[in-house]
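Biologist: Could you take a close look at one part of this model for me, and walk me through it slowly enough for a first-year student to follow?

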Amino acid sequence: MTPHAKDRTLELHNVSRSFGATVALDDVTLTIASGEIICLVGQSGCGKSTLLRMIAGVDVIDGGHILLNGEEVSGPSRFVEPEDRRIGFVFQDYALFPHLTVEQNILFGLKRRPKQEAASRTADVIAHIGIAHLQGRYPHMLSGGEQQRVALARALAPQPDILLMDEPFSNLDRGLRERVRDETLSLLRGLGTTVIMVTHDPEEALSAGDRVVLMKAGRIVQAGSGYDLHDRPVSAYAAEFFCAFNKVSGVYRNGHVETAIGRFAQALDAGEGTPTTLYIRPQAISVSRGPGDVSGQVKGRIFLGEVEQLAIAVDGLEQPLQVRTMHRLPPDTETVGLTVLPDSWLAFPPD
Amino acid sequence: MISAVRSWPRGRAGARWLLGAGCVACLVMLPIFALFLQAAQGSTGLWSHLASTILPAALADTIILLCGVGLITAILGTSTAWLVTAYAFPGRRVLEWALLLPLAVPTYIIAYAYLDILHPIGSVQGTIRWMLGYSGPREFRLPDVRSMTGCILLLGFVLYPYVYIPTRAMFLTQSANLIDASRTLGISRRAVFWHVALPLARPAVAVGVSLALMETLNDIGASEFLGVRTLTVSIYTTWITRSDLPGASQIALSLLIVVVALVAFEKWARGKQRYSTGAQRSRAFEPRHVPPGKGLMLLFAGLLPILIGFGAPAIYLVSEAWKRIEFAGLSTRFLAEAFNTIILASAATIITVLFGLLIAYASRLRPGTATTWLQRLSTLGYAAPGTVVAIGVLIVLATFDGFIDSTATAWFGVSTGLLFIGSGAALLYAYIVRFLAISAGGIDAGLARIPVSFDHASRVLGQSAAGTFRHVHLPLSKAAITAAGLLVFVDCVKELPATLLLRPLNVETFATHLYGEAARGTYEEASIAALAIVVIGILPVILLSRMGQARQ
């Protein structure tokens with residue numbers, strides 16, 4: 001948009017925040033470049049929404065610094081009020097003012113501008129988002145999807161440097177959610193807006209963001225591309241957040257994890273004999289009626305359409321292995337052979 | 001760029017609101033604090049006189065009165081609440097809101113009305129004698145209404161709605177499943193009330209009774225007209241007839257101790273139960289249809305307390321007022337009193353609502369321990385009876401007046417006299433202290449319905465904290481603020497003890513006029529004043545009944 005677009009960045013340095021005895025944010029450091037779309041993801045209570053509120057300035061931080069375009073906005077000696085930060089916010093409940101029409105809601109953020117300019121900017125945004133037919137209505141007359149678009153239009157109207165979105169699609173029905181998400185993100189990419197979006201849905205995080213930031217108990221667990229987080233998780237927590245793994249206990253010896261279903265090569269920063277858990281994805285095990293690396297008994301089958309999920313008991317394992325396969329096994333199959341695909345496993349020593 | 005990021009550091013938004021709320025809390029605390037100081041300074045000689053003569057009798061009377069009124073309001077409040085929730089009969093809908101009507105009749109007005117209605121040579125007793133064949137009051141008369149029993153009964157019949165309102169709400173929100181479950185467990189329909197509904201409603205009854213007893217402690221007119229010498233009456237006479245401020249403060253303190261005991265009683269009576277609204281929306285209680293004959297009986301039973309607490313006095317006041325207006329019209333003195341009443345109440349309402357806004361919004365901007373305490377402290381005055389607040393205010397403002405007067409005399413050689421006490425400022429101060437809880441509580445409840453995300457949305461869209469208040473909170477809580485204002489206004493109009501003690505010389509309101517006439521035993525324009533107060537008092541009843549309907 002403007003020539004300086006690339007300079008706009010948000011920096012968080014050692015940001016902390018506690019509510020009484022609860023630590024909501026613990027030493028969070030993160031830098032966001034202009035035009036990036038970031039997904040903050042984690043279970044509820046991990047501090048992701050708190051972080052959003054700190055960036056917006058509707059809450060204060062206890063420690064650290066937040067810099068916007070290189071200028072400190074939250075810190076020990078300085079606090080810029082939210083109204084002076086040029087940040088847009090789409091709230092989980094949309095927070096549309098019920099006493100104002102759609103048009104008045106959008107005008108709300110343009111009160112500091114001259115009347116003419118505010119009116120023409122409102123008209124632009126309404127046209128761009130495609131909500132001209134809604135502009136005279138009140139929020140309670142809108143469907144969930146319409147409210148979401150109005151909330152987006154209202155947040156974008158003042159041309160914020162950064163757009164924050166707190167679970168913006170969680171109030172929508174499942175079918176609608178994906179469509180609205182795709183439309184919204186392609187619109188934001190087209191505008192080149194810097195976006196920080198909070199979600200608790202792993203799939204949404206992987207698909208929506210240029211960069212995914214996984215949080216747990218107020219700390220950043222891992223930040224990187226969706227591929228990084230899914231394929232190369234740094235911890236058992238990160239691994240399990242994005243995928244339901246088979247967990248097989250074993251022992252680390254001589255560069256391998258030794259388990260009841262075989263030896264798996266894995267370089268680990270751990271001493272010989274360290275108890276280690278092997279993580280195998282359900283789709284990384286191939287199953288056949290012929291012999292495999294190990295054999296097992298089919299204990300349960302759940303047909304999911306595209307794939308079938310099998311529960312297979314293997315001697316020496318407490319839990320049956322969960323296997324997802326596109327291969328159709330005859331109904332009377334009892335004994336199967338299993339093969340773990342090469343280089344598909346992960347291993348972490350227990351905490 | 002439209003707005004440059006402000007480059008100078010400044011305090012967080014809300015600091016000024018917090019400071020304002022702090023000042024309000026101090027203002028409210030000051031009279032209570034002063035009362036303690038004054039009582040502590042009181043001469044010991046006077047105290048021993050008080051302790052040996054006035055206090056024991058007054059304390060005993062107060063406790064008997066509280067027990068009696070507590071019992072009557074509990075019985076009337078719960079039984080009427082159960083009547084309109086558990087049974088369906090013709091007229092039930094009307095009864096539901098009509099049972100609130102006695103709220104419109106202040107205690108001193110019901111006493112005033114019944115003194116005349118039940119006068120030994122009045123028409124009611126005359127009719128009874130005529131029916132029984134007696135010829136005069138020497139042969140037969142009803143027991144004198146001027147007694148402890150009379151006082152307990154009359155107060156009970158106007159104060160029971162304090163129990164009726166929360167108890168009925170409790171019966172309504174109690175899940176019908178609980179009642180059904182108890183019936184499948186072998187409890188008869190009749191026993192459900194005693195074994196399930198009543199124990200569940202206990203917290204509500206406790207809250208209601210304690211509110212009714214607070215009103216009883218506040219009452220000065222009824223007890224005095226009916227010859228019951230309570231602590232409140234003693235404070236008044238100690239100050240008015242003996243000008244003994246330390247003595248009055250000491251009695252006021254003992255009255256405060258009774259209030260504290262009352263609050264403790266409420267906590268105890270509630271037990272460990274709390275109002276709880278289940279996550280699931282519970283099925284509403286289904287009233288049972290009764291045969292027409294029994295329905296008529298129930299309707300009559302429900303109408304009885306309304307008739308005694310509202311109907312009879314209202315009819316009496318209307319007819320007396322009518323007679324008076326026909327006979328003499330409205331005097332200019334009466335119109336001046338109307339003006340005084342409205343102006344004083346309006347001024348107090350405006351300030352009280354503003355202060356309430358300050359307290360409620362500060363807690364919203366800065367939720368935390370500090371604002372929780374500010375809110376608690378600033379609403380303390382509601383529990384304190386009007387006489388206690390009045391004595392406290394008197395001490396504070398007399399000190400200020402003395403200070404200003406001596407300063408002005410020393411610097412300019414002019415005496416300012418009693419600046420605050422003489423101007424009615426003292427009365428406004430007392431109204432604010434007493435009714436800030438209503439305004440702050442009502443506005444707080446109104447604000448609580450606005451999601452916090454609205455505040456955040458407004459802030460990130462460029463509004464300051466004050467702008468957010470103006471553009472978002474004010475339009476969205478207009479109804480709550482208006483309702484709070486109305487309640488404060490009506491309470492100011494009805495308030496007697498503080499008005500009596502603190503009004504400027506020669507300024508009369510409806511309430512003090514009525515008191516004056518009743519004290520002198522003359523029956524002139526008081527009925528018009530009383531009728532005016534009752535009519536104004538009906539306004540919040542309408543509001544309450546509407547809120548009740550909206551909830552259903």
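Modeller: This is a predicted model, and a good place to begin is the contact between its chains, to which chain B contributes 21 residues and chain A contributes 26 residues. On the side of chain B that touches chain A, the elements giving two or more residues are α20 (452-460) and α21 (465-476) of chain B, and α20(B) gives the most, with six residues. Sorted by class, that side of chain B holds twelve nonpolar, six polar and three charged residues.

Within chain B, let us turn to a pair of helices. The axes of α15 (residues 332-365) and α22 (residues 478-494) of chain B come within 8 Å and cross at roughly 140 degrees, which makes α15(B) oblique to α22(B). The crossing in which α15(B) passes α22(B) is right-handed. Among the residues that make this contact are B:Leu344, B:Ala348 and B:Val353 of α15(B), together with B:Ile481, B:Val488 and B:Phe489 of α22(B). By class, the residues of the contact between α15(B) and α22(B) are ten nonpolar and six polar, with no charged ones.

Finally, consider a single residue, B:Glu508, which sits in the loop between α23 (497-502) and α24 (510-520) of chain B. B:Glu508 counts as partly exposed because it has 19 C-beta neighbours inside 10 Å, whereas a buried residue would need 20 or more. Apart from its neighbours within four places in sequence, B:Glu508 is in contact with B:Glu337, B:Asn340 and B:His513. B:Glu508 also lies 9.1 Å from B:Phe334, C-alpha to C-alpha, although the two are 174 residues apart in sequence.

How values were computed: Residues are numbered from 1 along each chain as its sequence is written. Chains are lettered from A and ligands numbered from 1 in the order in which they are written. This is a predicted model: local features need pLDDT of at least 70, side-chain atom pairs count only at pLDDT 80 or more; totals for chains, interfaces and linings use all residues. Two residues are in contact if their C-beta atoms, placed from the backbone, lie within 7 Å. Helices (H or I, at least four residues) and strands (E, at least two) are DSSP runs, numbered from the N terminus. Ala, Val, Leu, Ile, Met, Phe, Trp, Tyr, Cys and Pro count as nonpolar, Asp, Glu, Lys and Arg as charged, and the others, Gly among them, as polar. A residue is buried if 20 or more other C-beta atoms lie within 10 Å of its own, exposed if 12 or fewer, and partly exposed in between; C-beta atoms are placed from the backbone. Axes are lines fitted to C-alpha atoms, for helices over the stretch in contact, and angles run from 0 to 180 degrees between N-to-C directions. Angles under 35 degrees count as roughly parallel, over 145 as roughly antiparallel, 65 to 115 as roughly perpendicular and the rest as oblique. A crossing is left-handed if the near helix is turned anticlockwise from the far one by less than a right angle, and right-handed if clockwise.
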